[in-house]
Amino acid sequence: MSRFCLPRDIYHGKGSLEELKNLKGKKAILVVGGGSMKRQGFLDKAVNYLKEAGMEVQTFEGVEPDPSVETVMKGAEAMRAFEPDWIVAMGGGSPIDAAKAMWAFYEYPDTTFEDLCVPFNFPELRQKAKFAAIPSTSGTATEVTAFSVITNYQTGVKYPLADFNITPDIAIVDPDLVAGLPVKQVAYTGMDALTHAIEAYVSTLHGPFTDPLALQAIEMVLDYLPASYNCNMEAREQMHYAQCLAGMAFSNALLGIVHSMAHKTGAAFSTGHIPHGCANAIYLPYVIKYNAKDATAAKRYAEIARRMGLPGTSEKALINSLCEKIDEFNVRLNIPKTLKEFGINEDEFKEKVANIAELAVGDACTGSNPRAIDPAAMEKLLTCTYYGTEVDF
């Protein structure tokens with residue numbers, strides 16, 4: 001038996017933030033990030049809409065990028081003191097992910113991160129509160145997914161939390177919130193969404209409910225991402241919906257090794273952080289070539305290319321067209337082709353690659369990748385992404 005889980009309601013369209021007026025409850029806590037929602041006036045709007053709904057409102061501000069265990073515990077404590085029956089999280093992936101974890105600790109103060117790390121092992125939520133998510137970037141799609149990532153900075157470990165309990169009750173996908181996104185963020189989050197959709201389509205857990213969502217998301221990203229990058233607001237609205245569709249697909253079909261590699265290289269090098277979407281964009285064409293050595297995966301990649309109207313009569317030609325299309329997008333979006341070009345130091349890369357490969361194979365996303373991989377093959381694949389060499393194994 002398989003399960004397909006989505007938020008009960010998804011409100012979308014310009015100005016859909018106003019739907020907050022119609023939430024039924026006594027108290028709402030509003031969780032936000034570093035201040036962009038406040039600066040652009042969306043925080044005040046949301047607070048006022050919730051007050052119009054007749055609720056008492058408290059805000060929890062300052063969730064950092066890659067939210068920490070400490071922030072989650074602080075937020076849960078604030079919730080226990082305030083006792084909200086709605087948790088409303090607004091912003092990028094970070095405040096929404098943090099609020100999902102706060103929710104669990106609010107309802108179950110005695111649980112631990114170790115308990116929650118076991119996939120699909122959450123206690124039954126919604127004993128005290130429901131959850132509404134409002135994204136302000138067009139990438140992570142955490143507003144419709146069963147996932148959250150929290151970082152323990154003491155140990156450097158990222159906890160990937162996965163449970164359908166943390167799929168929000170309501171998602172509000174309002175394009176007004178992404179109108180002011182910096183173009184670099186448009187590029188990285190857009191390629192993250194493309195990666196979500198492609199990985200979901202070839203995942204070992206894909207099925208008839210996720211496939212159409214993945215294909216539609218891929219088509220929309222290919223149609224609208226370059227224009228959104230060039231600040232066309234109609235295209236930016238469509239990208240906001242495309243990433244949400246991609247999220248519905250991967251929340252249920254899971255992902256693959258592009259994400260395993262991005263998760264484990266993001267913070268691995270002293271030259272600085274590799275933004276998640278940028279890492280995905282670099283690795284995606286190499287991983288397609290690796291996975292396409294598997295007959296079933298090759299057939300699925302060729303199907304994507306065919307459905308997108310890309311040229312090619314043979315399976316191999318279609319797969320090459322797909323990789324070329326991704327390469328072309330990366331050039332248009334100013335994303336480097338290799339880790340070397342990104343600026344990773346060669347000696348440091350060589351020194352760390354074996355350990356990173358080991359960790360990437362152990363990542364939660366590796367299990368649903370269509371072709372198996374071991375640390376030796378992963379090390380070879382990462383080396384290809386460093387130098388830009390052909391994947392021929």
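User: What is the accessible surface of the chain, and what share belongs to carbon and sulfur atoms?
Analyst: This is a predicted model. Its chain has an accessible surface of about 16,000 Å². The share that belongs to carbon and sulfur atoms is 51%.

User: What radius of gyration does the chain have, and what would a compact globule have?
Analyst: The chain has 393 residues, and a compact globule with that number would have a radius of gyration near 21 Å. The value for the chain agrees with this. Along the principal axes, the C-alpha atoms fill a box of roughly 60 × 45 × 45 Å. The radius of gyration of the chain is 20 Å.

User: How many helices and strands make up the secondary structure, and what percentage of the residues is buried?
Analyst: The secondary structure comes to 15 helices and eight strands. Buried means under 20% relative accessible area. Of the 393 residues in the chain, the buried ones make up 58%.

User: Among contacts between residues at least 6 apart in sequence, what percentage joins residues at least 24 apart?
Analyst: A contact here needs heavy atoms within 4.5 Å. Pairs at least 6 apart in sequence form the base of the count. Those that join residues at least 24 apart make up 77%.

User: How far apart do the centres of the positive and negative side chains lie?
Analyst: The chain has 48 negative side chains and 36 positive ones. Each set has its own centre, and the two centres lie apart by 3 Å.

User: Which helix gives the largest share of the largest nonpolar core?
Analyst: In soluble globular proteins, nonpolar side chains tend to be buried together. The largest nonpolar core here holds 91 residues; Met191, Leu194, Tyr283, Tyr301, Ile304, Ile335 and Leu381 touch the most other members. Eleven residues of this core come from one helix, spanning residues 183-202. That helix is α6.

User: Which residues does Ile304 touch, not counting those up to four places away in sequence?
Analyst: Ile304 is one of the core residues that touch the most other members. With residues up to four places away in sequence not counted, Ile304 touches Ile198, Tyr201, Leu215, Ile218 and Leu322.

User: How many residues are in the other core, apart from the largest one?
Analyst: Another core lies apart from the largest one. Among its members are Phe60, Phe113, Ala133 and Leu161. The number of residues in this other core is 32.

User: Is α9 largely enclosed or largely open, and which helices do its buried residues pack against?
Analyst: Seven of the nine residues of α9 are buried, so this helix is largely enclosed by the rest of the structure. The buried ones are Ile257, Val258, His259, Ser260, Met261, Ala262 and Thr265. They pack against α6, α10, α14 and α15.

User: Is Val258 buried or exposed?
Analyst: Val258 sits in helix α9. Leaving aside neighbours within four places in sequence, Val258 is in contact with Thr195, Glu199, Asn280, Tyr283, Leu284 and Val287. Its relative accessibility is 1%, and the cut-off is under 20%. Val258 therefore counts as buried.

User: Is Ala267 buried or exposed?
Analyst: Ala267 is found in the loop between α9 and α10. Its relative accessible area is 67%. The cut-off for exposed is over 50%, so Ala267 is exposed.

User: What is the phi of Glu83, and where is this residue?
Analyst: Most residues other than glycine have a negative phi. Glu83 is not a glycine, yet its phi is positive, at about 55°. Glu83 is also exposed, with a relative accessible area of 53%. Its place is the loop between α3 and β4.

User: What is the phi of Asn334?
Analyst: Asn334 lies in the loop between α12 and α13. At 59% relative accessibility, Asn334 counts as exposed. Asn334 is not a glycine, but its phi is positive, at about 60°.

User: Is Tyr159 buried or exposed?
Analyst: Tyr159 is found in strand β7. Beyond neighbours within four places in sequence, its contacts include Val69, Phe113, Cys117 and Ile150. At 12% relative accessibility, Tyr159 counts as buried.

User: What separates the C-alpha atoms of Ser2 and Leu205?
Analyst: Ser2 is found in the segment before β1. At 72% relative accessibility, Ser2 counts as exposed. Ser2 and Leu205 are 203 residues apart along the chain, and their C-alpha atoms are separated by 8.9 Å.

Key:
Residues numbered from 1 in each chain as written. Predicted model: local features only at pLDDT ≥ 70, side-chain atom pairs only at ≥ 80, totals over all residues. Heavy atoms only, no water. Helix = DSSP H or I, 4+ residues; strand = E, 2+ residues; numbered from the N terminus. Rg over C-alpha atoms; globule rule 2.2 N^0.38 Å. Buried < 20%, exposed > 50% of the residue type's maximum accessible area, 1.4 Å probe, protein only. Areas by Shrake-Rupley, 256 points an atom, 1.4 Å probe, with all protein chains shown as cover. Lys, Arg positive; Asp, Glu negative; His and termini not counted. Charge placed at Lys NZ, Arg CZ, Asp CG, Glu CD. Core = buried A, V, L, I, M, F, W, Y, C linked by side-chain atoms within 4.5 Å.
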